[in-house]
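Hi everyone, thanks for making time this morning. Let me put the structure up on the screen so that we can walk through it together.

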4 protein chains.
Amino acid sequence: MNKKLKVGIVGGTGYTGVELLRLLALHPNVALTTITSRGEAGLPVADMFPSLRGYVDLAFTDPALANLQDCDVVFFATPHGVAMSQAQALLDAQVKVIDLAADFRLQDVAVFETWYKMPHSCPAVLAEAVYGIPELYREQIKAAKIIGNPGCYPTTVLLGLAPLLEQGLIDLAAPIIADAKSGVSGAGRKAEVATLFAESSDNMKAYGVAGHRHHPEIHAQLTQLAGKPLQFIFVPHLIPMIRGMLTTIYVKLSASAQSLDLQALFEQRYQHERFVDVLPAGVFPETRSVRGSNQIRIALHQHAQTGYLTLVVVQDNLVKGAAGQAVQNMNIMFDLAENTGLEVVPLLP
Amino acid sequence: MNKKLKVGIVGGTGYTGVELLRLLALHPNVALTTITSRGEAGLPVADMFPSLRGYVDLAFTDPALANLQDCDVVFFATPHGVAMSQAQALLDAQVKVIDLAADFRLQDVAVFETWYKMPHSCPAVLAEAVYGIPELYREQIKAAKIIGNPGCYPTTVLLGLAPLLEQGLIDLAAPIIADAKSGVSGAGRKAEVATLFAESSDNMKAYGVAGHRHHPEIHAQLTQLAGKPLQFIFVPHLIPMIRGMLTTIYVKLSASAQSLDLQALFEQRYQHERFVDVLPAGVFPETRSVRGSNQIRIALHQHAQTGYLTLVVVQDNLVKGAAGQAVQNMNIMFDLAENTGLEVVPLLP
Amino acid sequence: MNKKLKVGIVGGTGYTGVELLRLLALHPNVALTTITSRGEAGLPVADMFPSLRGYVDLAFTDPALANLQDCDVVFFATPHGVAMSQAQALLDAQVKVIDLAADFRLQDVAVFETWYKMPHSCPAVLAEAVYGIPELYREQIKAAKIIGNPGCYPTTVLLGLAPLLEQGLIDLAAPIIADAKSGVSGAGRKAEVATLFAESSDNMKAYGVAGHRHHPEIHAQLTQLAGKPLQFIFVPHLIPMIRGMLTTIYVKLSASAQSLDLQALFEQRYQHERFVDVLPAGVFPETRSVRGSNQIRIALHQHAQTGYLTLVVVQDNLVKGAAGQAVQNMNIMFDLAENTGLEVVPLLP
Amino acid sequence: MNKKLKVGIVGGTGYTGVELLRLLALHPNVALTTITSRGEAGLPVADMFPSLRGYVDLAFTDPALANLQDCDVVFFATPHGVAMSQAQALLDAQVKVIDLAADFRLQDVAVFETWYKMPHSCPAVLAEAVYGIPELYREQIKAAKIIGNPGCYPTTVLLGLAPLLEQGLIDLAAPIIADAKSGVSGAGRKAEVATLFAESSDNMKAYGVAGHRHHPEIHAQLTQLAGKPLQFIFVPHLIPMIRGMLTTIYVKLSASAQSLDLQALFEQRYQHERFVDVLPAGVFPETRSVRGSNQIRIALHQHAQTGYLTLVVVQDNLVKGAAGQAVQNMNIMFDLAENTGLEVVPLLP
C-alpha cells in the first residue's frame, strides 16, 4: 500500500491525457513520474491545463529523453500507431503497458490495417494483449502485461449486451443495431473546423454511417461474446455536449428470452460490479448522471409486441470510455482495490 | 395577390406561436389581425418577444374578446384540447382552421383519448380534418377546411419512409425502428425543471421509451401509407440544442428493394418538392443546415450484408416540424405559391 | 479524527443542496444524518439526483420530523427566510448553523428587509453571525456558532479587492465597477421560463442593472474592508454555461499604488491560502479551470496611462461561491484541516 | 430596380463570407457573380455550406481566374492584408470595394502596422476609405468608393456612445470602460484548439486584456466623435454562444449631463434609424433578440449617486457587426433603400 507505482504517460496533451492526470493526481498509490509530449517538452503541464495547478507539478518531457523503462506502468494517450512502436521495449524492461489508442484492440491484424491505414508493427505483442474491459475479462487483465484499452463506443455496446449474449438470448437472425451519441470531446483535442464551437454547438449530425473504426472492434467482441457470427449496424452521432455518451441498442430477443425477467438478469449479472449500475425498471439514465465518473448506467425496455428489447447505456466517454477504465485496469494489474482513485461523485449539475 | 388574408393566432405565447409570428410577419399575403392569450391580454406581443419589435405591433387579446370569426384562417398554437372546443364555431363562420396541437391528428378517437387523457369533443369535425403534410396529402389540403398539423417527430419519419412504403419496399416482418433526437424547444415554453438550462445543457437522455404520444400518430400514418399492419419502435431523445431534429430510421428492405437504386427513387419522389431535399449519395445532413427554415433533408445508406437501410432525416422542429409546415398548409389552402413567406435561408453558423 | 460529525441539510433539492451532498458524501469526517425537503419527503435522494446513486442512501425527511437538534452542524440550502426561523432553536441545542441563503449576511436589518421583502425574525442571532469568507474572517469563523455563507458574486469581488482595500490602494473618489458574469445554475433549480434551455442557451443578457440583492451585500463588505465610504457599481450578466462565474473589476489605483508591484502584493497576500490562486502575470483564467472545485483564481492587469487596474476573478459559483465555501467554513469551525473533503481536481474539459 | 448589381465576394469560406451569402442570396437587387477561394476552387459553395443548397448555385473560383473587374462591387471577407493588395486595381476598374477586414479601418498607418504586423501597401487608397457605420457617416458612405467595414466590437461601442460624445456629455477625465462579450463565431472559421466546442463550451474567459486590435480602432473613432483626447479601457470576453455580442459600457457623465433626460436623447438621436433600437427605460436587451438580424439594441441606466451611466448594447456580431452592416453600406453606396435585403426577423428561440 505504501509503496507507490511509478507511472508514465506518453502523450499528455490530449483529452485522455489530461483525464488520466486528473484521476492519477489524487490516486493514493500512484507517483506520476513522466509525462511526454513531443511538441510541448519543457512546458509545465499545469500551464497547458490550469485545472491541474497545485495537483501536477511535472513539466512535459521530450519522448526521446524520457526514462519510461523506470516506470512500473506506462499509459499511451497518443494517436494510433505510437504505442506499438514502443511497447516491446517497455515490456522487455518489465514495464506494463496500457494503450488508450487502437493498437492493441483488434486481434485481426488485417482488420486493423484496413481501418487504421498503417501496418501493425508488433503482432507478437498484440497476441499477448488483453482487451481491457474488466467486467468481461478481469482474470486475463490480472495477468496481463499489456492492455488494449477499449474505444468509448465499444464499452457501452459490450457492457449493454454481455448479459444477453453470454446467455444466448438474442435472435441473431436480425442485426444488432446500435444508435450511439457522443459528446464532442470524443473527437479529441485537435484543431479541426468540424469540432469548433461555432460548428458543433446547437447542431447535431450522424457521421461514419458508411463505416466507423469502432464497428469492427465492436463486431469482433460481440462475435466473441456470442460465440457465433452475427450482424451489426452501428450509427454514431455527434452531440453538442462536452462529455457523455448514450447508446441506444435495439435487439431481437430469442423466443425463450421473451418470457424471462431480463431486468433481474441484468441486475444479477452486474450485482458485484462497482462501476456498472443497472437502473430500476422504468428509469432511464441521462449522461450527466455519470459526468466525471467511471460509472456506466444501463436501462432496458422490452417492446412486447415486437419481441425487441431496447437498451439505453450511458457513460462519460473520457472516464469509463477511456481514462477511468484505464486506471481501473491498472488497479487490477497491480492488485489494488479496483475502485482506488476512482470514487468521484459525478458532477451534477 | 393584393388582398391580404386576415389571420388570427390563438395562443401566441409559446414557441410555435412566436415562430408563426416570425414567418407571418413578413408574409406578403398576410395581415395579422388577432393574437390571443388568456394570461397576457393587453401586453404588446413585442414586449414578450423583443425579436418582433418593429415587425409585430399587435397586443395580445383576451380570447373571450377576440373576433376570430372575422379571420380568413385561424392557427391554434395552444395546448392540446383547445382547438377542438372552438373549431366548429369557426368553421360555421367560414373560417379555416389549422391546429398545431394534436386535436385533429388522430382519426381514431379512442387512441386520442388514451394518449391525451381527455374526451374528444368534436369527432364530426375530426372526420373532416386533413393531416397536414403537403408532400403526402396536397390535394386533400387544397380542399380542406381544417388541418391537423402533424407533430414534429412524425414529419421526419413519414417523409423519410414514404418513398419506400408507397412502393412496398420494406419487409414489414421486421419492425420499423426510429431513433429520434430533438432539440429542447420541442418541449415548449413551459416553466419546468427538466428543461432548465442547468438540467438539459451538456446532457442528453432518452425519454418516453415505454410510450410517447407521437408513437400512435406515426404508427397510424405509417400503416396508412403501407396499406397493411406493421410494427413500429420509436425512441425519442432530448438533445442540448435549441432547435433541430434528427431522426435515424432503420428498416429491413424487401428482397426486391435490395437491388434497386434507392437513391434515385428518393430523388425522383421528391424532385418537385420545394421543401424536401434528398442529399447526394454519401452526404449526411446536420441539423443546423435547416435552422430557421422549412427544409427537410434526407440521406440514406444501404447496409449491404444485412439487407437494412438507414435513413437520416433532419428538420427544424419549429418550422417544418410545426409553424413552417402550418404556413405551407395555409398557402395551399388559399391557393398561394406554396413557398410564399417561407424562403428563409437557414442560419449557419 | 475518527469520530464523524453528524451533519444535517435543510432543503436538499436545489443546486446548493446537491452540491453539498456531492462534497459531503466523500468527506472523511462527515456522517450525513438528515436531509429535509417539504415537498419530497420519503423520496430517496438518489432518485432525484441519480449522480448520487451509491454515494447517498438517505431519503428526504419531512422537516417537521427531522431531529436536527441531534446534529453537530446543520446547513440551510433553502430559500431566504427559512434559516432565521429555525436558527435560534438549533443554537440553543448546541448545533452549529451554516446558512447558504441571505438571512445572516447583512448586518443592517433595514437593508435586509428592503432587498428581501421580509422582516428579519432574529436580529439577535444575526448579531452573532459571522460572514463566511475564510480568507477574510478565519479567526471569527473558528469561534462562530452561526455563519452567513456569502453570495456567489460577493466572494469574487471581495477576494479580488481585499489585498488592495486592506492596504488602502484604491482611489475611492472613483466608483469601484464590477462587471460580473454567472452561469445559469446561479439562478437555482426553480421551474422558470427565463432559465429554460431554449431561452438562455446561445444567448446572454445583463440583469439587475438597476439593482441586485448582492449589491448591498458587497457594498457593506467593501466598506468594511476599506474602513471608509465608497461607491460601487455592479452589473451582473447571465451566461449560457451551467457553472462558473467570472467577475471583471475596474478600480482606480491611488497615486502611491501605481508604482507598486501589485502582482507581488497579491501573491503574498494569498500565498498560504489553499483555495486562492493568483495567476502569473499575463495569464488570465477561464471558468472551467475551477469547474467542480473550491479554487478561486485571480489575475490582474494595470492600465498604465489611465491609472486603472483590471482584475479578473473566476470561481465555480456552486463551490467556492456556495457549497464548497460552506464546507470550508465547517472544517474551520470543527478544527479540521481546511481542505478536508475539498481536494477535487477541476473537471476539464 | 430591375437591373441587378453584379457582386463578387473574395474569400467566401469564413463566417463573414457565408453570412454575406445568406443575406445577398435573397437580396432583390443583387446578382452574385463570383465567390473566390484559393483553397476550395471548383467546389460548389453549397457543398461547403449546405444551408445554401437551393439558394447559391455558384462554385468557388480561383482568385487568379476571377474577373472581379466586371463586378459593380466586391466584398472582401478575407484575412487582414488581402484587400489592400487588390483594392487599387478594382477601384481603377470602377469597382466599389467593401472590406470586412481591418485594412481600411485605421487611418493612422503606423497604428495599423503595429497591431496587424504588416506594412500597409496602399496608404493612398486608405486615405479615401470611409469608415462604414452608416448611422455616423452616411453622407460619406454615399459618396465612397471604398469602405472599411468596422470591427464587431467597435460598432457596439461607437453606436452606444455617439449620442453622448456628439453632445459632449461625458466627463473625459475618467476613462471610458467597455466590458465586451462576444460569441465564439467572432473568432472566425479557423481550425484552432482554443475555439473547439470542448474547449469553449460551458466556459468563459477574458482575453486580450493587455491589448486587443479593436482597442486602437475604437479609440481613434471615439476620439474623433469627442473631438478631443480621451482614455479608453477595453476588455473583451469569449462567451459560449455561436453568435451575439453584448457590450456593457461605463462612463462618467459630465455635470450638465447628469440632469438631462438621456433616455429621450438616445431615442431622438436614433428615431429615424431603421437598425438602431433604443429600448424603453428599464428594459435591457438579450443577444438572441437580434440573432440573424441587422438590429442593434441599446439600453441605458443612470447610477444616481455615482454620476455614472451604464449602457448595454447588443448586436449579432456577424450581421450588424460584419456582413449585415456591409450590405447596409452597399445599399447606401448604390442608392438603394437602406434596409433592402436586410428585413430578417431575428430567430427566437
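I'll go from confidence to domains, then to the sheets, the contacts between chains, and a few backbone details.

First, please keep in mind that this is a predicted model. The overall scores are an ipTM of 0.97 and a pTM of 0.98. For chain A, the average pLDDT is 97, and 99% of the residues score at least 70.

Let's stay with chain A for the domains. The assignment splits chain A into domain 1, residues 5-128, and domain 2, residues 153-317. Taken over C-alpha atoms, the centres of domain 1 and domain 2 of chain A are 27 Å apart. How many residues of domain 1 of chain A are in contact with domain 2 of chain A? Nine residues of domain 1 of chain A are, and they meet seven residues of domain 2 of chain A. On the domain 1 side of that contact in chain A, we have five nonpolar, two polar and two charged residues.

Now the sheet, and I'll use chain C for this. If you follow the strands across, the order is β2-β1-β3-β4-β6-β5 in chain C, six strands in an open sheet with parallel pairing. Why do β2 and β5 of chain C each have one side without a neighbour in the sheet? Because β2 (30-36) and β5 (130-131) of chain C stand at the edges, each with a single partner strand. As a general reminder, strands of a sheet pair through backbone hydrogen bonds, either parallel or antiparallel.

Let me zoom in on one pair. In chain C, β4 (residues 96-99) and β6 (residues 146-148) pair in the parallel sense over three bridges. One residue to click on here is C:I98, whose bridge partner in β6 of chain C is C:I147. Then there is a helix to look at: α1 of chain C, residues 15-25, lies across β1 (5-10), β2 and β3 (73-76) of chain C. Relative to β1 of chain C, helix α1 of chain C runs at about 160 degrees.

Over to chain D. Here, too, there is an open sheet of six strands with parallel pairing, in the order β2-β1-β3-β4-β6-β5 of chain D. Its edge strands are β2 (30-36) and β5 (130-131) of chain D, each pairing on one side only. In the interior of that order, β3 (residues 73-76) and β4 (residues 96-99) of chain D run parallel and are joined by four bridges. Opposite D:I98 in β4 of chain D, you'll find D:F75. The helix to look at in chain D is α11, residues 319-333, which lies across β3, β4 and β6 (146-148) of chain D. It runs at about 160 degrees to β4 of chain D.

On to how the chains meet, beginning with C and D. This contact takes 40 residues from chain C and 40 residues from chain D. On the chain C side, the elements giving two or more residues are β7 (176-183), α8 (197-200), β8 (205-206), β9 (232-239), β10 (245-252), β12 (296-303) and β13 (308-315) of chain C. By class, that side of chain C has 22 nonpolar, 11 polar and seven charged residues.

What rotation superposes chain C on chain D? A rotation of 180 degrees does, with 0.0 Å of shift along its axis and an RMSD of 0.0 Å. The residue of chain C that comes closest to the rotation axis is C:P240, at 3.2 Å by C-alpha. And 100% of the interface residues of chain C are also interface residues in chain D, so the copies meet through the same surface.

The other contact I want to show is between D and B. Chain D gives 24 residues and chain B gives 24 residues. Helix α1 (residues 15-25) of chain D supplies the largest share of the chain D side, four residues. That side of chain D has 15 nonpolar, four polar and five charged residues. A turn of 180 degrees with a shift of 0.0 Å along the axis lays chain D on chain B, at an RMSD of 0.0 Å. The two copies are therefore related as by a two-fold rotation axis.

Last, some backbone details. The peptide bond from B:L348 to B:P349 is cis, with omega near 0 degrees, and B:P349 is in the segment after α11 (319-333) of chain B. In chain D, the bond from D:L348 to D:P349 is cis, too, and D:P349 lies in the segment after α11 of chain D. Back in chain A, A:D202 has phi near 45 degrees, a positive value in a residue other than glycine. You'll find A:D202 in the loop between α8 (197-200) and β8 (205-206) of chain A.

That's my tour, thanks for listening!

Terms used. Residues are numbered from 1 along each chain as its sequence is written. Chains are lettered from A and ligands numbered from 1 in the order in which they are written. This is a predicted model: local features need pLDDT of at least 70, side-chain atom pairs count only at pLDDT 80 or more; totals for chains, interfaces and linings use all residues. Two strands pair if DSSP finds at least two bridges between them. Two residues are in contact if their C-beta atoms, placed from the backbone, lie within 7 Å. Axes are lines fitted to C-alpha atoms, for helices over the stretch in contact, and angles run from 0 to 180 degrees between N-to-C directions. Ala, Val, Leu, Ile, Met, Phe, Trp, Tyr, Cys and Pro count as nonpolar, Asp, Glu, Lys and Arg as charged, and the others, Gly among them, as polar. Copies are superposed by least squares on the C-alpha atoms of residues with pLDDT of at least 70 in both. pLDDT is the predictor's confidence in each residue, from 0 to 100. Domain bounds come from an automatic or database domain assignment.
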